[in-house]
Amino acid sequence: AGLPVGRGVLSVICNEAGGSIDDTMITKCADEDGKGGEHIYQVINAGCADKDLAHFRKHLAEFDGEVDLEVHWDTRGLFALQGPESQKILEKLSGKDLSQVAFGEWIPALDLGGAKTMVSRCGYTGEDGFELFVPGDAIKDTWKLLLGQDGVRAAGLGARDALRLEAGVCLYGHEL
């Protein structure tokens with residue numbers, strides 16, 4: 001409730017006893033124009049998705065209030081652009097100055113090759129970086145656009161894990 005619109009935070013999904021079910025990124029968002037439509041955009045781990053969603057649905061069914069749960073993994077792709085050159089690369093692709101976007105801040109619709117992309121300045125590598133939530137119809141073109149940039153290389157979860165371990169960033173199922 002105290003998280004301002006446009007800010008995100010690493011958090012934990014807790015069970016009834018206060019233990020960890022999963023780690024998660026939570027961002028408080030608003031409509032693109034910043035007026036109304038406040039909502040929480042939450043990123044859960046793909047490997048724990050069934051368990052996490054079952055937990056949310058169980059508690060939402062018991063909740064006496066107006067809350068909707070929407071799952072977007074069939075309509076969006078997620079790319080993590082990480083490393084010391086990530087800001088420069090994203091600025092080149094978007095034509096926007098991102099120097100005032102702090103870690104944990106969210107951009108509702110950054111134009112990347114014609115795709116309105118949700119962007120969060122965050123990452124799980126210990127480096128500066130951005131997570132790019134790309135509309136489903138633009139996933140392939142955005143991937144090609146990113147890989148066409150000098151200094152951008154594709155890397156998998158093994159590389160991410162090595163970097164996050166060096167930085168001391170915990171991950172559910174490993175350190176949590």
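A cavity is a set of grid points where a 1.4 Å probe fits but cannot get out. The exercises below apply this to a predicted model.

**Exercise 1.** State how many cavities of 30 Å³ or more the structure has, and give the volume of the largest cavity.

*Solution.* Counting by this rule gives 1 cavity of 30 Å³ or more. The volume of the largest cavity is about 30 Å³.

**Exercise 2.** Identify the lining of the largest cavity and sort its residues by character and by element.

*Solution.*
Step 1: the lining consists of Met25, Thr27, Tyr41, Val43, Ser120, Cys122, Glu131 and Phe133.
Step 2: two or more lining residues come from each of strand 2 (20-29), strand 3 (39-43) and strand 7 (129-135).
Step 3: by character, the lining residues are 5 nonpolar, 2 polar and 1 charged.

**Exercise 3.** Classify the aromatic pair of Tyr41 and Phe133, and say which strands the pair ties together.

*Solution.*
Step 1: the structure contains 2 aromatic pairs, and Tyr41 with Phe133 forms an aromatic pair.
Step 2: the ring centres are 5.2 Å apart, with 70 degrees between the planes. An angle over 60 degrees counts as edge-to-face, and the pair of Tyr41 and Phe133 is edge-to-face.
Step 3: Tyr41 belongs to strand 3 and Phe133 to strand 7, so the pair ties together parts 92 residues apart in sequence.

**Exercise 4.** Decide whether Tyr41 and Phe133 are buried or exposed.

*Solution.*
Step 1: the cut-off for buried is under 20% relative accessible area.
Step 2: Tyr41 has 14% relative accessibility and therefore counts as buried.
Step 3: Phe133 has a relative accessible area of 7%, so Phe133 is buried.
Step 4: both residues also appear in the lining of the largest cavity.

Methods:
Residues numbered from 1 in each chain as written. Predicted model: local features only at pLDDT ≥ 70, side-chain atom pairs only at ≥ 80, totals over all residues. Heavy atoms only, no water. 1 Å grid on protein atoms, 1.4 Å probe; cavity = no way out; pocket = protein on both sides within 12 Å on 5 of 7 lines; lining within 4 Å. Points joined across faces, edges and corners; volume = space filled by probe spheres on them. Helix = DSSP H or I, 4+ residues; strand = E, 2+ residues; numbered from the N terminus. Nonpolar A, V, L, I, M, F, W, Y, C, P; charged D, E, K, R; others polar. Phe/Tyr/Trp six-rings, centres within 6.5 Å; stacked < 30°, edge-to-face > 60°. Buried < 20%, exposed > 50% of the residue type's maximum accessible area, 1.4 Å probe, protein only.
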